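This note sets out some points for a colleague who is meeting the structure for the first time. Please read them beside the sequence and the model.

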Amino acid sequence: MSGPGKTTVVIGGASGIGLATARDLLANGHAVVIADLDGDAATARAVELGSGCEAAAVDVSDEASVTALFDGVIEQHGSFDGVVNCAGVSTLSLVVDHDVAEFRRVLDVCLTGAFIVLKHAGSRIVDGGSLVTLSSLNGRQPGVGLVAYCSAKSGLQMLTQVTALELASRRIRVNAVSPGLVVTPLTAPAMDIPGIKDDYLDNTPLGRSGEPEEIAAAIRFLLSDDSTWITGENLDINGGSHMQRYPDIHGHVMKAFA
Ligand code: NAP
């Protein structure tokens, strides 16, 4: 058990990696608050997960919504020990064709949203607490057509490090995890496009996609007292893909819809 008595907020916890993380943390003794854009979905997941799990609605790109989330958690629990921010969105477009509003939408959730979460979690979390951000293989590997997502996830790694430096005096640790391909509602639609999954797997030395539970286990470690000397780290969890090249997602999409 890594977290008896700890209260942890999982943002984006109603789906995919966040949901697996909420389940894992509950099984390991955390009280968990699932917070998500869709408050009804968060409530439904919290009911399914049962005792020890609560739900809240939040939009990470809206500062008032994020402050209301953390103030509500403090009102309910007195304090909180950990936050995992899994909220994320993506888009596909070449730089020269990119709609500016669409670029801003992705940055707003993946980078500015993460900043707002770290700002208000950092000012309220207990001393000695732990904050985990979700970057990506795309934080280090560029992908054609993924300029908004890659820019956000790369910036998020630096955001994580600066926050780690600034909060270290309170023993608050701030780390990122960077998954490779994990099939979730975010990535599942791309798996139906011929060539994309094969290209990923050809470029993954361990030869398979990851499971949400494998990312959740690493997040639990970073929240736990087994990682008390780790901060400002970015943990690649991708079957070795970071040692190879990123698949040509845009090329496969163009071929499929030509
Ligand atoms: P997911 O299943 O789509 O889960 C993301 C959750 O975030 C969804 O419930 C989504 O709600 C929520 N969300 C979106 N915008 C939000 C906002 N403004 N405020 C609050 N919540 C918001 O995706 P996932 O695959 O688990 O991804 C989790 C994180 O890991 C993301 O940051 C993603 O970029 C990162 N990641 C994923 C992979 C992968 O292969 N799956 C790889 C690398 C990194 P809605 O569904 O209502 O939009």
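1. Asp199 is buried, because its relative accessible area of 9% falls under the 20% limit. Its salt-bridge partner is Arg245, and the closest N and O atoms of the two are 3.3 Å apart. Arg245, by contrast, is partly exposed at 47% relative accessibility. The model under discussion is a predicted one.

2. The position of this pair in the chain deserves a remark. Asp199 belongs to helix 7 (residues 196-202), whereas Arg245 sits in the loop between strand 7 and helix 9 (249-256); the bridge therefore ties together parts that lie 46 residues apart in sequence.

3. The structure as a whole contains 10 salt bridges. One of them joins Asp225 and Lys6, with 3.0 Å between the closest N and O atoms. This pair links distant parts of the chain, 219 residues apart: Asp225 is in the loop between helix 8 (212-223) and strand 7 (234-237), and Lys6 is in the segment before strand 1. Asp225 is exposed, with a relative accessible area of 54%, while Lys6 is buried, with a value of 15%.

4. A further salt bridge is formed by the side chains of Glu63 and Lys119, at 2.8 Å from N to O. Glu63 is in helix 3 and Lys119 in helix 4, so this bridge ties together parts that are 56 residues apart in sequence. Both partners are given as partly exposed: Glu63 has a relative accessible area of 34%, and Lys119 has a relative accessibility of 42%.

5. Attention may now turn to the nonpolar interior. The largest nonpolar core has 27 residues, and those touching the most other members are Val9, Ile11, Leu69, Phe70, Val83 and Leu131. At least two core residues are supplied by each of strand 1 (7-11), strand 2 (31-36), helix 3 (63-77), helix 4 (100-124) and helix 5 (147-167). Helix 4 provides the largest share of this core, with 6 residues.

6. Which residues does Leu131 touch, leaving aside those up to four places away in sequence? The contacts of Leu131 are Val83, Leu118, Ala121, Gly122, Ile125, Leu167, Ile172, Arg173, Val174 and Asn175.

7. A second core, separate from the one above, comprises 24 residues. Among its members are Ile34, Cys53, Cys86 and Leu134.

How values were computed: Residues are numbered from 1 along each chain as its sequence is written. This is a predicted model: local features need pLDDT of at least 70, side-chain atom pairs count only at pLDDT 80 or more; totals for chains, interfaces and linings use all residues. Side-chain values use heavy atoms; hydrogens and water are left out. A nonpolar core is a set of buried Ala, Val, Leu, Ile, Met, Phe, Trp, Tyr and Cys residues joined through side-chain atoms within 4.5 Å. Buried means under 20% relative accessible area, exposed over 50%, partly exposed in between (1.4 Å probe, protein chains only). Helices (H or I, at least four residues) and strands (E, at least two) are DSSP runs, numbered from the N terminus. Contact means heavy atoms within 4.5 Å. A salt bridge is a side-chain nitrogen of Lys or Arg within 4 Å of a carboxyl oxygen of Asp or Glu.
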